[in-house]
Structures are given as structure tokens and as C-alpha cells.
Amino acid sequence: MEKMTLITEQSIRPADLMSQKRACVIADRNYLLERRDQWVEVSCPACQETSFEAYGDKDDIAYVSCNACGTIYTNPRPNLTLLHEFYSQSENYAFWNEHIFPATETARRERIFKPRAERLDQLCNKFEIQGGTFLEIGAAFGTFCQEVDRLQRFKQVVGVEPTPGLAATCRQRGIETRECFVEQIEGQGFARTIAAFEVIEHLFAPQDFITTCERLLEPGGLLILSCPNAQGFDVATLGLQSGTFDHEHLNYFNPSSLSNLVEACGLEVLEVQTPGQLDVDLVRNAVHQGRCDLSHQPFLQSVIVDRFEELGKSFQEYLSDHCMSSHLWIVARKR
């Protein structure tokens, strides 16, 4: 496997801008918390099991762990109507659209989206996907759609983006854009490939989402999903101190639980990967910020802090290569 160029958190999430957007995050979280009368109890989003154990509370949000499959999820959670309203008015997403995405696009394009497009291209070669329609769900700033279009592999590239400001940005950049939630798209069997990066963790009903993707795919078409891995190094080490635990993320799958869910929705899982590159940097930053103490774990203290320049990159590669990174990919095919 080709050795990675390690991405740092600072390069894609500059500290000054992340600090400026904190007021937007608080406003968004309060929007949901002030409407607790619209929150509902749910079963496990992966296996529908109703038995769980408490995982912990953070910012007035309760997280539980499924006793059957180990998926961590928020329970109770905002209902579907409230979530749709939330994303239509999010101050945080507006800040990303107006400030963070423009400021970091060069770094994100080179370090995230071009390699991601290359990985998509390799998967399409491997599973003999050519032509047809490519659908990206959660197109955000549109950078990945642009990189996919440059591959010239697909006849049509379409972005699905429900947040109004981001959808407008995609259209301004010449991307064919559907401003809606994917479940609202009618028809079936018209997409040859569907990708949804960092989307499924936000959803009220992931099973409905995957079932919709299965409906929209052509027979033999590919579905590519990515999301946090609850069993990955960053999440397992930091727990609720991990930045991935926030008011937007409702579901924290693991490789087994997400694979089983995808199979239950009628798709065949082809590959499970954890190509993440930020675990080591995220944990190291947490140590420096006083959110994580590794003094009682001398091995991790040595690798993550004391000998970071020497060992950090190799350790991240090990995590990624052995399905232990906190960034999870599932590649599946419609039967």
C-alpha cells in the first residue's frame, strides 16, 4: 500500500476559524435542546435492538451503547421533522459555507478530495463501474463532485444537498444539485454509484436512508458510505472527549454493525476499510489541550507525544491498514 501523507487537524480545521464558529455551534445545539418536547426514544439504529447500556452524557445529550451490536447512539433524539428544520437554518453550516470551506478548500482538495476521488476511481475499476450517474449525498461545498467530474468516468455527476446555503454554492459552481433529503427523491434504479461521506451519523433513521439508496441504485451499482468508527482509535481512546461526539451526530457505528445493517437493506458488502488519517493528531491535540491524560499509558504517551515525529505517521498507517482508524468506509453493491 502506498504510504500516506499525514493530514493534520490544523490544515483542514484552522484553530482560529474553529474558535470563531463556536458561537454558531452553541446556537445550533441550543436550537435542538430548547425543543426537547420533540425528542423521541428510539431502538438501535443498526439492529433495532431495544436493550442498551448508558455510555455517558455530553452537553445535555445522552449516549447509549447497544447490547447486541455495540453501536453507540443518542437516545432520546430529535424527531425527523425537527432535524429537517434544524439543517435548514443551521448557523454552523452557514459559517462553514462562508468561511471555513473557502479558507481550507485548497488543503481539503489536495489532501482529502483528490485522494478520495482516486480511491473511488480504483473501486470503480475493481468492480467494473463505468458511465451512468454518480450521486453524492451531502455534497456540501461541491469540491468532491468537481473532482469526480474530472475523472470523466460518469456520464452525469449530481449532488444532493439539503442545506440551502450549501446547495446554492454547489449550483454556483456548476454542479447539478438537488436541494432535498435523498429520501424525497422519487424513482428507482437510475444511479450507478452513490456516495455519502460523513452523512449517515447525522440521520434519524439510517435504515430508511440505506433502503432509499438501494432503491435509487441500478442493479449491480455501488454504494459507498463513510462515517465515524466507534471502535476506532480516536473514539476508543478519547470517549466522549472525542470531537466526533456532538449534537449533530446521532449514530456511531462500528465495522460489524454497519455491515450488518447494509446487508439487511438488501445490499452485498464488498469491502470494509478504515482509511482515516487523523486519529493520532486528534489524540495528540487532546493531550496538549488537557482533554486526555496518557501518563498512565506509557506506550501511547511515547508514540503519540514523546516520539510523535518519529512514530506518529507509521502508527497512523498501522491503524488505517488494520481497520482500527476512527474513519470507516463501507463499499456495497446492489444485488
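Leaving aside neighbours within four places in sequence, which residues is Leu258 in contact with? In this predicted model, the partners of Leu258 are Ile200, Cys227, Phe253, Leu328 and Ile330. Leu258 also belongs to the largest nonpolar core, which holds 37 residues. Together with Ile194, Ile200, Phe209 and Ile210, Leu258 ranks among the residues that touch the most other members of this core. Two or more residues of the core come from each of β3 (61-66), β6, β7, β9, α8, β10, α10 (255-264) and β13. Another core lies apart from this one; it comprises 27 residues, including Leu82, Ile100, Phe141 and Leu240. As a general background, nonpolar side chains tend to be buried together in soluble globular proteins.

We can turn next to the sheet. Its 7 strands follow the order β8-β7-β6-β9-β10-β13-β12, forming an open sheet with mixed pairing. The edges are taken by β8 (176-178) and β12 (267-273); each has a single partner strand, so one side of each is left without a neighbour in the sheet. On average, and with direction ignored, neighbouring strands are turned by 20 degrees against each other. Within the sheet, β6 (residues 133-137) pairs with β7 (residues 156-160) in the parallel sense over 5 bridges, and Glu136 stands opposite Gly159 in β7.

Two helices lie across these strands. Helix α6 (residues 143-151) lies across β6, β7 and β9 (191-197), and runs at about 170 degrees to β7. Helix α8 (residues 206-216) lies across β6, β9, β10 (217-228), β12 and β13 (327-334), with an angle of about 150 degrees to β10.

Note on methods
Residues numbered from 1 in each chain as written. Predicted model: local features only at pLDDT ≥ 70, side-chain atom pairs only at ≥ 80, totals over all residues. Heavy atoms only, no water. Pairing = 2+ DSSP bridges. Helix = DSSP H or I, 4+ residues; strand = E, 2+ residues; numbered from the N terminus. Axes fitted to C-alpha atoms, helices over the stretch in contact; angles between N-to-C directions. Contact = heavy atoms within 4.5 Å. Core = buried A, V, L, I, M, F, W, Y, C linked by side-chain atoms within 4.5 Å. Buried < 20%, exposed > 50% of the residue type's maximum accessible area, 1.4 Å probe, protein only.
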